[in-house]
Every structure is written in structure tokens, then in C-alpha cells.
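Reader: I'm new to this one and would like a friendly tour. Could you show me the structure and then take my questions?

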Amino acid sequence: MSKNKKILMMLAKGGASQSDIAAALHVSKRDVSTAAKAMREHDLTFDAVSSMDAGVVDELFFPKERRKSNDAYLQPDMEALVERKKKSRKLPVKLFWIEYCERAAAEGRLAYAYQTFCEMFAEKAEKMDATRHFVHEAGAKCYIDWAGDTASLTDKLTGAKTKVYVLVVTLPFSGKFWAEGFCGMGQKPWQEGHMHAFEEFCGVPRMWVPDNAATATDRTNIPRVTLVNREYERFAEHYGAAIVPARVRKPRDKSVAESCVDLVEQWIIGPAVEMTFYTIGEFNEFCAERTAWLNSRPFSAKDGSRESVFKEEECMHLEPLPAERYEMCEWRSAKVAPDYHVKCTSSHLTWNGQLGQMRS
């Protein structure tokens, strides 16, 4: 799928700003702005864009201007610059641009603007599989992921073991995280983990970046396109947040989340495996104590801790919690019987559609 089609589909889907889309797809804001203009001019919809071939999208809405090569501009050796950056990550791209401008002036030729230079550098870096450090904004986003390792509960009578899956929600700016165990990985535990984390943070990040779990995404309808499942989308709408799932098999997109998951596996799940828990409440009490300790533990390479950075620099930038908690619901498909009855049964109630009766 072409870059332009991806941008159009995310714009048509809604729920994310142009800046968020540019960050998620690793494109310039100018490209997203051009795509938004094309959507307005041609009144494009999600279904219309998704049904088009990527080449057709590029040809119809993003015609390439034929530009003659301009020898007046000095062409930078981006491959050499990317190699320099990979060897010493602290070298800023702006330093490369300043050196490039000085060389262009010495040769009596024109130099590209800084923004154009950065776009050229980013394009070459992506082709060469180079990485750069993310600069996170306070309160802007959170990462959500299930830990790979599991703990267990023990039945007092039989001694049988039940797996405990740990959900980790991380704020990348401060590094503060929330971890909680559940006996399943369904939609209800997924959403409950979010709610408890946001209540612990006393606020909500504007953008959520989940892993590509089935409780977050749905890729069954359109191949190679990641969509947010409807139930998770309703949940995010209640909190006024946008969901931008991480790319498949791209762990570096959420390196902060991966490091926090490793921390949880080493300092919470690892010791918990050697202990005995009989209820999920016992495990989560242990998990909460360890999480609080890890968040307050001083950094090794700088002053402060995750908790202190969160309180001093990040908590005030989070969006406020909604006035009411999100009410989770269970969606069922009912079949009409020959006698015109529609019956839907859940763990809480039974409803008979024709008689209008509800039994607890």
C-alpha cells in the first residue's frame, strides 16, 4: 500500500489529528496536509479510498510534478550522513545541515532548506533501517501491551494452576507505568486495565498506542491495513482519546513500552512465579506494591524517578477523567425463532423479546 493511501485511510477513519497521523506513519506534516486537502476537494470516504488501487490513488489525487534537475543545488550525501548518525546518535541533524550549507556556500551553489533537508534525511534513514530517538510530549500518549510472561494462581483444593496475564500501560514521557493481572485477555480485562491505569494517573493521555492484540485491532476486513475494533473505538471515544496502533512486528516503534514490559517481567512476574497466590486480588496487591516501588526507584543515569517526573512535569498535561466510568456491554446476535421469540442469555440475565420479560 502506498504512503498516500495510508494517509487518506487514517484521515477518513478519523480519531487522530494530522500531527498524530504524521508521527504514526513516519511522514511529514506537509504530506498529511496535502492528503487532507485532496479529501476535501474530492469528498472522499473511507470505503471509496479502501476500494481503490494504491497506484490509482497516487495518480488521481497526488499527480507528480515533473521537475527538471536543478544543478544549482548541492546534493547532500545522505547515505554518509545516516552512517555518521548510526555511529554517534547524539550528533544532531541540524549540525549536518549547517555543514552542508557551509559547503554549498563554499562551492557557490544553493542549499536546501532545513525542512527539506530533514525530509530527505528521514527518507534515506528509513531505507537504510536507521533509528532515531523519539521525543515524547508530556501527557500526549500512552503505550499498552500484554507482558509475554505469565504468573499463576493456585487452587486451594486441587492445586491446579490458572494463568495470570499482566497488562502494562506506560506513559513514555515520564516512564511511569501501571501493571495489573487478569485471568484472561478478552475485551473486558483489556478495558478494565485501561480504566484502572487512568484512575491511577488521575488523567487520560490524548493518544493511545496499543499493540496489535485482537482486543485492540481488526485486520480481517482489509489486508495489510490495521483498523481499530469497534468496541475499543467506543471505549476511546468515551475518554476523548485517539487510538493509533503500533505497526506489526515493529517493536522499536514502542521501545519504552517494551522496556517497561521487560521491567515487569523481571521484577514482578519473575518473583511472583516463586510465590503462591490463591486469588487474583492477592496477586494484584503484590503487583501494585511492586509497581509503586519501581515507579519511585531513582533513575540510574539522571536525577529523579518515574514518579517524580510524572508529578512535576507530566500529570498536569493529561486530559481529565470523564465524569462517569465507561459502562462495558456485551454484544450478542439473536436469531428469531419460528414463534417470533428472540432470546438472549448472558451470565447476568435472560431476555425474552416477545414477552418483554427480563429474568435475573
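**A walk through the fold**

Author: Let's start with the broad picture: of the protein's 360 residues, 39% count as buried. Keep in mind that this is a predicted model.

Reader: How many helices and strands does the protein have?

Author: Both kinds of element turn up here. The count comes to 13 helices and eleven strands.

Reader: What share of the contacts with a separation of 6 or more comes from residues 24 or more positions apart?

Author: Take the contacts in the protein with a separation of 6 or more as the starting set. Within that set, residues 24 or more positions apart account for 63%.

Reader: Which residues have the most contacts inside the largest nonpolar core?

Author: That core has 24 residues. The elements giving two or more residues to this core are β1 (141-146), β3 (161-170), β4 (177-182), α9 (187-201) and α10 (230-239). The residues with the most contacts inside the core are Ile144, Phe201, Trp208 and Tyr239.

Reader: Which element gives the most to this core?

Author: The giver in question contributes five residues. That element is α9.

Reader: What does tyrosine 239 touch, leaving out residues up to four places away in sequence?

Author: Tyr239 is among the residues with the most contacts inside the largest core, and it is also part of a cluster linked by ring pairs, together with Trp146, Phe182, Trp190, Phe198, Trp208, Tyr232, Phe235 and Tyr326. With those sequence neighbours set aside, tyrosine 239 touches Met195, Phe198, Val204, Trp208, Leu321, Pro322 and Tyr326.

Reader: How many residues are in the second, separate core?

Author: Ala147, Phe177, Ala179 and Phe283 are included in this second core. Its size is 20 residues.

Reader: How many aromatic pairs does a search of the whole structure find?

Author: The ring cluster we met around Tyr239 is linked by such pairs. Searching the whole structure gives 19.

Reader: Which residue lies over the face of tryptophan 267?

Author: There are charges over rings to look at here. Lysine 176 lies over the face of phenylalanine 310, at 5.3 Å from the ring centre. For tryptophan 267, the distance to the ring centre is 5.1 Å, and the residue is arginine 297.

Reader: How far does α9 reach from its first C-alpha to its last?

Author: α9 has 15 residues, and at 1.5 Å a residue the expected reach is 21 Å. The reach in the model is close to that, at 21 Å.

Reader: What covers the buried residues of α9?

Author: The buried residues of α9 are Pro189, Trp190, Gln191, Gly193, His194, Met195, Ala197, Phe198 and Phe201. Their cover includes β1, β3, β4, β5 (207-210), α10 and α13 (306-314).

Reader: Is cysteine 202 buried or exposed?

Author: Cysteine 202 follows α9, in the loop between α9 and β5. Although not a glycine, cysteine 202 has a positive phi of about 60°. Its relative accessible area is 59%, over the 50% cut-off, so cysteine 202 is exposed.

Reader: How many disulfides are there?

Author: Some cysteines sit in quite unlike surroundings: cysteine 142 is buried, with a relative accessible area of 0%, while cysteine 183 is partly exposed, at 44%. The disulfide count comes to zero.

Reader: Which residues is asparagine 284 in contact with, leaving aside neighbours within four places in sequence?

Author: Asparagine 284 is in helix α12 (residues 280-296). With 18% relative accessibility, asparagine 284 counts as buried. Asparagine 284 and phenylalanine 182 are 102 residues apart in sequence, yet 8.7 Å apart in space, C-alpha to C-alpha. The contacts of asparagine 284 are Glu180 and Gly181.

Reader: Is glutamate 307 buried or exposed?

Author: Glutamate 307 is in helix α13 and touches Lys176, Asn295 and Ser296, not counting residues up to four places away in sequence. Its relative accessible area is 19%, under the 20% cut-off, so glutamate 307 is buried.

Reader: What distance separates the C-alpha atoms of alanine 242 and glycine 15?

Author: Alanine 242 is in strand β8 (residues 242-243) and counts as buried, at 7% relative accessibility. Not counting residues up to four places away in sequence, alanine 242 touches Gly15, Ala16, Arg206, Met207 and Trp208. Alanine 242 and glycine 15 are 227 residues apart along the chain, and their C-alpha atoms are separated by 4.9 Å.

Methods. Residues numbered from 1 in each chain as written. Predicted model: local features only at pLDDT ≥ 70, side-chain atom pairs only at ≥ 80, totals over all residues. Heavy atoms only, no water. Phe/Tyr/Trp six-rings, centres within 6.5 Å; stacked < 30°, edge-to-face > 60°. Lys NZ or Arg CZ within 6 Å of the ring centre and 35° of its normal. Core = buried A, V, L, I, M, F, W, Y, C linked by side-chain atoms within 4.5 Å. Buried < 20%, exposed > 50% of the residue type's maximum accessible area, 1.4 Å probe, protein only. Helix = DSSP H or I, 4+ residues; strand = E, 2+ residues; numbered from the N terminus. Contact = heavy atoms within 4.5 Å. Disulfide = S-S within 2.5 Å. Expected span 1.5 Å × (residues − 1).
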